[in-house]
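Open the model in your viewer and keep the sequence panel visible. The stops below say what to select and what is found there.

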Amino acid sequence: MIKMVVCFLSVIFSIGITATPLLTIKWIGFENSLYLMYILELILGIVISFFIYKGEWKLGDNKIFFKCLLLIILIQTAVCMVLDGSIKSLQFSTDYILPFLVVICFVPFYEECIYRGCLIDVFHHFFKDGLVLPIVLSSVIFSGMHAQYSGILDYVVLFFISLILSFARVKSGSLLPSILLHSLMNTFVLVLNTLLK
């Protein structure tokens, strides 16, 4: 029960952290507001991983991991082809290493702790009849929280990516595979965007 309370509070805190740029942009500017948000997300992710999921760091079945990775790469490649060679998200200049590190390391770690960790566990606590509904609800929320997107295709892709990441987390019993898959996906998208510029 304590785990569920901490998970629920972590989800609530994550909503507040996501609003950080709206609250701080006036005083510290847009870019600094984003970096403040990323730092707070990283801190929350570390707290979650240490206090809630500290004994659950294993890779699981390699075959499942690589099948999920292949599926994610195929989806992202198909999206790139549909969007005329441009994946609109995650477009950073190679001149800036910090945005790459944030998108490749910090964001996947934090988002997996919240969406594939706490949120699935909280929904599973309330809907005890299995993991399908908790995974679908978590994936809908994950998709919706990415407000930087505008097209329906973007949200559909995010939803299916979230389902794949959730599958990897549930099958392994650990957040590590979903964190690594998310990180590798972001790396793939950044490299693809850089090559296609």
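This is a predicted model. Begin with K26, which is exposed, its relative accessible area being 70%. K26 belongs to helix 2, residues 20-28. Now add A78 to the selection and draw a distance between the two C-alpha atoms: K26 and A78 are 52 residues apart along the chain, and the separation is 39 Å.

Next, select S33. Is S33 buried or exposed? S33 is buried, because its relative accessible area is 0% and the cut-off for buried is under 20%. S33 sits in helix 3, which covers residues 30-51. Show the contacts of S33 and leave out its neighbours within four places in sequence; what remains is T20, P21, T24, I25 and I28.

Move on to helix 5 by selecting residues 97-126. This helix has 30 residues. From its first C-alpha to its last it reaches 41 Å, close to the 44 Å expected at 1.5 Å a residue. Where does helix 5 have a kink? Look at V107, where the kink is about 35 degrees; the proline P108 follows shortly after. Then colour helix 5 by accessibility: 22 of its 30 residues are buried, so helix 5 is largely enclosed by the rest of the structure.

Stay with helix 5 and select F126. F126 counts as exposed, with a relative accessibility of 58%. Add M4 and take the C-alpha to C-alpha distance: the two residues lie 9.9 Å apart in space, although 122 residues apart in sequence.

Return to P108 and pick its contact partner S183. S183 touches P108 and also I104, once residues up to four places away in sequence are set aside. The helix that holds S183 is helix 8, residues 176-196. S183 has a relative accessible area of 16%, and it is classed as buried because that value falls under 20%.

For the next stop, select F159, a residue of helix 7. Which residues are in contact with F159, leaving aside its neighbours within four places in sequence? They are V136, S139, V140 and S143. With S139 in the selection, compare the C-alpha atoms: F159 and S139 are 20 residues apart along the chain, with 5.3 Å between these atoms.

The last stop is a cavity. Rolling a probe the size of a water molecule over the atoms shows where empty space is left. The count comes to one cavity of 30 Å³ or more. The largest cavity has a volume of about 50 Å³. To find it, select its lining: L59, D61, I64, F65, A168, K171, S172 and P177. These lining residues divide into five nonpolar, one polar and two charged. Which helix supplies the largest share of the lining? Helix 7 does, with three residues. Colour helix 4 (62-82) and helix 7 (152-172) to see this, as each of them supplies at least two residues of the lining.

Methods:
Residues numbered from 1 in each chain as written. Predicted model: local features only at pLDDT ≥ 70, side-chain atom pairs only at ≥ 80, totals over all residues. Heavy atoms only, no water. Helix = DSSP H or I, 4+ residues; strand = E, 2+ residues; numbered from the N terminus. Buried < 20%, exposed > 50% of the residue type's maximum accessible area, 1.4 Å probe, protein only. Contact = heavy atoms within 4.5 Å. Expected span 1.5 Å × (residues − 1). Bend = angle between axes of the 7 residues up to and from the residue. 1 Å grid on protein atoms, 1.4 Å probe; cavity = no way out; pocket = protein on both sides within 12 Å on 5 of 7 lines; lining within 4 Å. Points joined across faces, edges and corners; volume = space filled by probe spheres on them. Nonpolar A, V, L, I, M, F, W, Y, C, P; charged D, E, K, R; others polar.
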